[in-house]
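Hi there,

Here is the structure I promised to pass on. Have a look at it first, and my notes follow below.

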Amino acid sequence: MYQYDQYDHLIVKERIAQYRDQVARRIAGELTEEEFLPLRLQNGLYMQRHAYMLRIAVPYGLLASKQMRMFAHIARRYDRGYGHFTTRQNIQFNWIELEQTPDILAELASVEMHAIQTSGNCIRNTTSDPFAGVAFDEIIDPRPYAEVLRQWSTFHPEFLALPRKFKVAINGAEQDRAAIAVHDIGLTVVRNAAGEVGFKVMAGGGMGRTPILGSVVREFLPWQHLLTYTEAIMRVYNQYGRRDNKYKARIKILLKAVGIEEFTRQVEAEWVDLKDNPETLTVEEMARVANYFQPPAYQALPNIDPLAEHADNKAFANWLKRNIMRHKVPGYAAVILSLKKTGVPPGDATAEQMDFAADLADRYSFGELRVTHEQNLVLADVRQDQLFEVWQQAKAHSLATPNIGLLTDMICCPGGDFCSLANAKSLPIAAAIAERFDNLDFQHDIGEIELNISGCINACGHHHVGNIGVLGVDKDGNEWYQVSIGGAQGNDSAIGKIIGPSFSSLQMPEVVGRLLEVYVRERVAGERFVDVVNRIGVAPFKEYVYATPIKVGHLVGEDEYV
């Protein structure tokens with residue numbers, strides 16, 4: 001795990017001192033809210049509906065146990081006892097008081113963390129595969145490259161005032177677990193015919209008002225030019241991206257306007273003068289950074305069947321099936337701690353759960369945790385012969401729901417309960433759907449399905465790439481929900497298609513139920529929900545959902561129908 005060097009410590013220390021002075025001047029009335037706005041955003045502080053929200057960076061989703069314990073401490077001392085893990089592999093605290101934010105940042109710095117560039121029109125937190133370094137299908141570990149990108153992009157003077165926010169994801173495995181296709185820049189490790197390591201470079205992906213999958217800018221980029229080529233893309237975007245309309249300011253709009261061929265030509269032309277500059281990576285520099293990501297002290301262990309001594313334990317068997325990821329080292333497994341227990345907002349963890357997860361990491365996983373962009377936690381290096389005791393302990397702390405990849409493993413943004421940008425609440429919709437389908441036997445029968453919910457068009461809940469996507473919309477001051485199906489992330493990324501007119505909040509569980517009925521009726525052996533959508537199209541689902549009125553019970557003395 002990367003540790004701050006003298007430059008990191010100095011930069012963060014100076015930033016905290018600067019921000020402390022800015023907060024003091026705001027409280028004293030020397031700065032207006034308009035003047036303070038860009039200053040607080042540079043430090044990850046948003047104004048939400050009820051209070052300030054602080055977003056803390058978790059670079060490429062990697063955490064030391066001491067850092068997780070710091071989150072627990074912040075939740076207890078400065079918030080209301082919990083935090084929310086996001087689709088950017090970060091954490092947010094939703095009930096922060098302005099006067100306390102400099103102290104929070106100072107405490108974060110004591111465990112080498114910060115909130116720099118978690119908001120604003122800059123390069124945001126680089127995300128990656130939460131199983132990086134341990135995945136069985138990994139080509140190379142992407143974390144050293146993610147760290148190099150973090151160092152390069154932090155306070156890069158040329159890219160601190162971009163036309164709009166900018167997000168980068170990097171994947172080092174055969175399977176894309178970083179959703180690279182919906183990022184401004186998506187990087188995936190590849191080898192050329194000679195076996196040399198490089199990157200396939202995609203650009204122009206994104207969700208929001210105009211969901212677009214990224215286009216390939218370069219099929220093979222030698223790893224030495226990761227920074228120089230990224231800089232060339234950033235320069236083209238910084239120069240030609242629109243600044244007159246924030247809704248058309250993302251790189252995806254620029255790329256769509258000029259076309260992939262012309263965009264690539266501009267990038268390659270910009271790169272000519274950059275490709276051999278001092279930012280070209282060397283073997284020595286990458287070896288220096290990679291040294292921070294050395295494998296832990298694995299024991300020489302055989303692969304075993306963890307269920308052999310617990311063959312009659314159906315609950316443990318279900319957990320092994322859903323919450324365990326194959327490890328590249330014999331005798332080990334990666335464990336996913338589910339933050340999707342029914343009745344709890346997706347991605348939320350209490351201070352007690354965070355402390356407990358840190359304890360688990362220390363006892364069973366070399367003191368390390370990961371955050372997934374599906375809003376769960378990972379213990380990356382658990383011995384197979386310890387899985388049963390890990391399951392028992394995680395279950396006692398409501399972190400062992402065996403639903404990873406299933407219907408109730410929903411991605412969901414905080415929505416209108418907290419976010420001032422939201423058109424509608426998303427958490428109550430997630431809760432209602434989870435309660436309606438809170439039957440693990442049913443969920444296991446339905447199989448893998450991704451249900452993503454966003455409270456507004458900004459798509460923080462990644463609804464566009466959900467097998468079922470739910471978007472909160474405003475209709476004459478009322479909250480309604482638009483439904484799409486067929487979206488997907490990963491190697492077969494796709495943008496979902498809207499099925500028709502929107503629904504009320506009370507109708508949503510029945511809408512999902514009807515979609516599942518069509519799936520069960522039409523599926524053949526081995527087909528997932530998204531496979532059926534791809535095979536038969538949207539029309540049969542739409543026809544069945546809208547065929548008869550959806551009765552939802554009494555609402556202000558009346559029955560409500562479509």
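The expected span of a helix is 1.5 Å times one less than its number of residues. Please keep in mind that this is a predicted model, and every value here is computed from it.

With that rule in hand, take helix α3, which covers residues 65-78. Its 14 residues reach 20 Å from the first C-alpha to the last, close to the expected 20 Å. Helix α15 (residues 508-522) has 15 residues and spans 22 Å, close to the 21 Å expected for it.

Which residues of α3 are buried? They are Ser65, Gln67, Met68, Met70, Phe71, Ala72, Ile74, Ala75 and Tyr78. The buried residues of α15 are Met508, Pro509, Val511, Val512, Gly513, Arg514, Leu515, Leu516, Val518 and Tyr519. When you look at such lists, remember that an α-helix has 3.6 residues a turn, so residues three or four places apart point the same way.

Phe71 of α3 also turns up in the surroundings of Ile91, a residue that it touches. Ile91 is found in strand β5, residues 91-96, and counts as buried because its relative accessibility is 0%, where the cut-off for buried is under 20%. Leaving aside residues up to four places away in sequence, Ile91 touches Leu54, Arg55, Ile56, Val58, Phe71, Gly83, His84, Phe85 and Met354. For a sense of distance, the C-alpha atoms of Ile91 and Leu226 are 27 Å apart, with these positions 135 residues apart along the chain.

Now to the sheet. Five strands make up an open sheet with mixed pairing, in the order β6-β7-β8-β9-β10. At its edges stand β6 (127-128) and β10 (215-222); each has a single partner strand, so one side of each is left without a neighbour in the sheet. Helix α6 (residues 226-240) packs on this sheet and touches β8, β9 (197-203) and β10. The direction of α6 makes about 155° with that of β10. Within the sheet, strands β7 (residues 168-171) and β8 (residues 185-191) run parallel and are joined by four bridges. If you want a spot to zoom in on, Ala169 stands opposite Gly186 in β8.

You may be wondering about the cysteines: how many disulfides are there? The count comes to zero, with two sulfur atoms needing to lie within 2.5 Å to qualify. For Cys412, the closest cysteine sulfur is that of Cys413 at 5.5 Å, which is too far for a bond. For Cys419, the closest is in Cys456 at 5.7 Å, again too far for a bond. Cys412 counts as buried at 0% relative accessibility, and Cys419 counts as buried at 18%.

Finally, two backbone angles are worth a look. Most residues other than glycine have a negative phi. Phe366, however, has a positive phi near 55°, and His462 has a positive phi of about 55° although it is not a glycine. Phe366 is placed in the loop between α11 (351-364) and β14 (368-371), while His462 lies in the loop between β17 (451-454) and β18 (468-475). Are these two residues buried or exposed, or in between? Phe366 is partly exposed, with a relative accessible area of 41%, whereas His462 counts as buried at 8% relative accessibility.

Best wishes

Technical notes:
Residues are numbered from 1 along each chain as its sequence is written. This is a predicted model: local features need pLDDT of at least 70, side-chain atom pairs count only at pLDDT 80 or more; totals for chains, interfaces and linings use all residues. Side-chain values use heavy atoms; hydrogens and water are left out. Two strands pair if DSSP finds at least two bridges between them. Helices (H or I, at least four residues) and strands (E, at least two) are DSSP runs, numbered from the N terminus. Contact means heavy atoms within 4.5 Å. Axes are lines fitted to C-alpha atoms, for helices over the stretch in contact, and angles run from 0 to 180 degrees between N-to-C directions. Buried means under 20% relative accessible area, exposed over 50%, partly exposed in between (1.4 Å probe, protein chains only).
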